[in-house]
Amino acid sequence: MDSMQPSHVKPAPVSFWQAFAFWLKLGFISFGGPAGQISIMHQELVENRRWISERRFLHALNYCMVLPGPEAQQLATYIGWLMHRTWGGLAAGALFVLPSLLILIALSWVYIAFGDVSVVAGLFYGIKPAVTAIVVQAAHRIGSRALKNNTLWAMAAASFVAIFAFDVPFPLIVLAAALAGYVGGRVAPATFAIGGGHGGADKSYGAALIDDDTPPPAHARFRWRTLALILAAGAALWALPMGALTAVFGWNHTLTQMGWFFTKAALLTFGGAYAVLPYVYQGAVEHYGWLTPRQMIDGLALGETTPGPLIMVVAFVGFVGGYVKAVFGPDAQFAAGATAAALVTWFTFLPSFLFILAGGPLVESTHGDIKFTAPLSAITAAVVGVILNLALFFGYHVLWPQGFGGRFDPWSAVIAAGAAVALLRYKRNVIHVIAGCAAAGLAIQLVLR
């Protein structure tokens, strides 16, 4: 028999601890943003291990794409839940995030404590233009998949004008796009149909543990009682820490406001982390002053170089805000930063777990019939315009560090252009591009300046 032919024998059952070991490994190797993370999971879970079939994998992914939040982390949570009940979902989702949180706390401390050292400054001098190119690539990647007709192009343009020229808050742009998609899906459904951005489910890699015709397990069947319990538990897990923060520190304290702000941000991350970053910027930089625009760019650079979802940049925002504000006093700045980073991570990811555990049984009962795709198409189109605005914002701060009244930085422009060519023309790995730009920035800072 040809070894390349799909096997008709199902793999051996997978224990919780075997899956736990895989999810832990995934948490340390999940580089490359959502596309790279989903690709890793597909290769490991569908092709190599055959824990889940291609069709079931894509069905779960389509649901995660409809949700606000990081779709790769939610997909891991969904598959973990489907295989090993609630504890399996919690383990898969938490291990997807935990390594990134610990790494970012360490890197954030190095950055804030030693950021003025010439070597560190040189590395970040090169990384910042690379981040600008990465955001341009994100706009191109999402736009090429989402903008399939003139209507969606017009929606992207309208969202760009709204946020760039009129400073319309990101939540209003999302709501307006969703409403337009809802109406458009009924008036012209073909215009707002999602065109298979992740490919079709027409491949088979052999019999899978969770195959196309495998009935949903008992825990994945919808029950009103189970839904009520999950929603009640989620409300308690949000209200208890928020209530404790309010009681101990007061509503206007930095930690309490971080919890409230990132709860709202968690519900607005349609289209991935790049889409919600303008909202985080508006709040964390302009409104609360937890960090500066330059620090925000540096934080995105750190997020790009660590495993896990890019929305983990919120841990950097929390760390810097807690550290700079010295919320526990001047002698406990690291503890303040680490606590703030952990808090914002909790409030950012709690809704993602609830969406999967509460909505999973409904999804399992409707294979091949995911609803709300028209609003999703419209939101994704609007997100392209928002990301383009973010690229211009980053480019402005990188190329004119002192504002348009100051001097233009030609070396940053050269690095940004080189990074853009490497990413868009030669499809180079993001980590490799950041490493090369960091080395170039260090050389410029140490040799030419």
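Hi everyone, let me start with two helices: α15, residues 410-425, and α16, residues 430-448, each supply at least two residues of a nonpolar patch. This is a predicted model, so please hear everything that follows in that light.

Who is in the patch? The members are V119, W411, V414, L446, V447 and L448, and they sit on the surface. Taken together, they have about 580 Å² of accessible area. And which helix gives the most to the patch? That would be α16, with 3 residues.

Let me pick out the tryptophan for a moment. W411 is placed in helix α15. Is W411 buried or exposed? The answer lies in between: W411 has a relative accessible area of 39%, and because the partly exposed class runs between the 20% and 50% cut-offs, W411 counts as partly exposed.

Now over to the backbone, with a quick reminder. Most residues other than glycine have a negative phi. Two residues here are worth a look with that in mind.

One of them is R85. Its phi is positive, near 65°, and R85 is not a glycine. Where does R85 lie? You will find R85 in helix α4, which covers residues 71-114. As for the surroundings, R85 has 52% relative accessibility, and since exposed means over 50%, R85 counts as exposed.

The other is D167. Here phi is about 55°, again positive, and again the residue is not a glycine. In contrast to R85 in its helix, D167 belongs to a loop, the one between α6 (150-165) and α7 (170-187). With a relative accessible area of 49%, D167 is partly exposed, because that value does not pass the 50% cut-off.

Both of those residues lead us nicely to helix packing. Let's go back to α4, the helix that holds R85. What is the angle between α4 and α13, residues 333-364? Their axes cross at roughly 160° and come within 10 Å. That angle is over 145 degrees, so α4 runs roughly antiparallel to α13. The crossing of α4 past α13 is right-handed.

Then there are α6 and α7, the helices on either side of the D167 loop. Their axes are 11 Å apart, and the two helices pack at an angle of about 155°. By the same cut-off of 145 degrees, α6 is therefore roughly antiparallel to α7. And the handedness? α6 and α7 make a right-handed crossing.

That's my tour, thanks for listening, and I'm happy to take questions!

How values were computed:
Residues numbered from 1 in each chain as written. Predicted model: local features only at pLDDT ≥ 70, side-chain atom pairs only at ≥ 80, totals over all residues. Heavy atoms only, no water. Helix = DSSP H or I, 4+ residues; strand = E, 2+ residues; numbered from the N terminus. Buried < 20%, exposed > 50% of the residue type's maximum accessible area, 1.4 Å probe, protein only. Patch = residues over 30% accessible without salt bridge, like charges linked within 9 Å, V, L, I, M, F, W, Y side chains within 5 Å. Areas by Shrake-Rupley, 256 points an atom, 1.4 Å probe, with all protein chains shown as cover. Salt bridge = Lys/Arg side-chain N within 4 Å of Asp/Glu carboxyl O. Axes fitted to C-alpha atoms, helices over the stretch in contact; angles between N-to-C directions. Parallel < 35°, antiparallel > 145°, perpendicular 65-115°, else oblique. Left-handed = near helix turned anticlockwise from the far one by under 90°.
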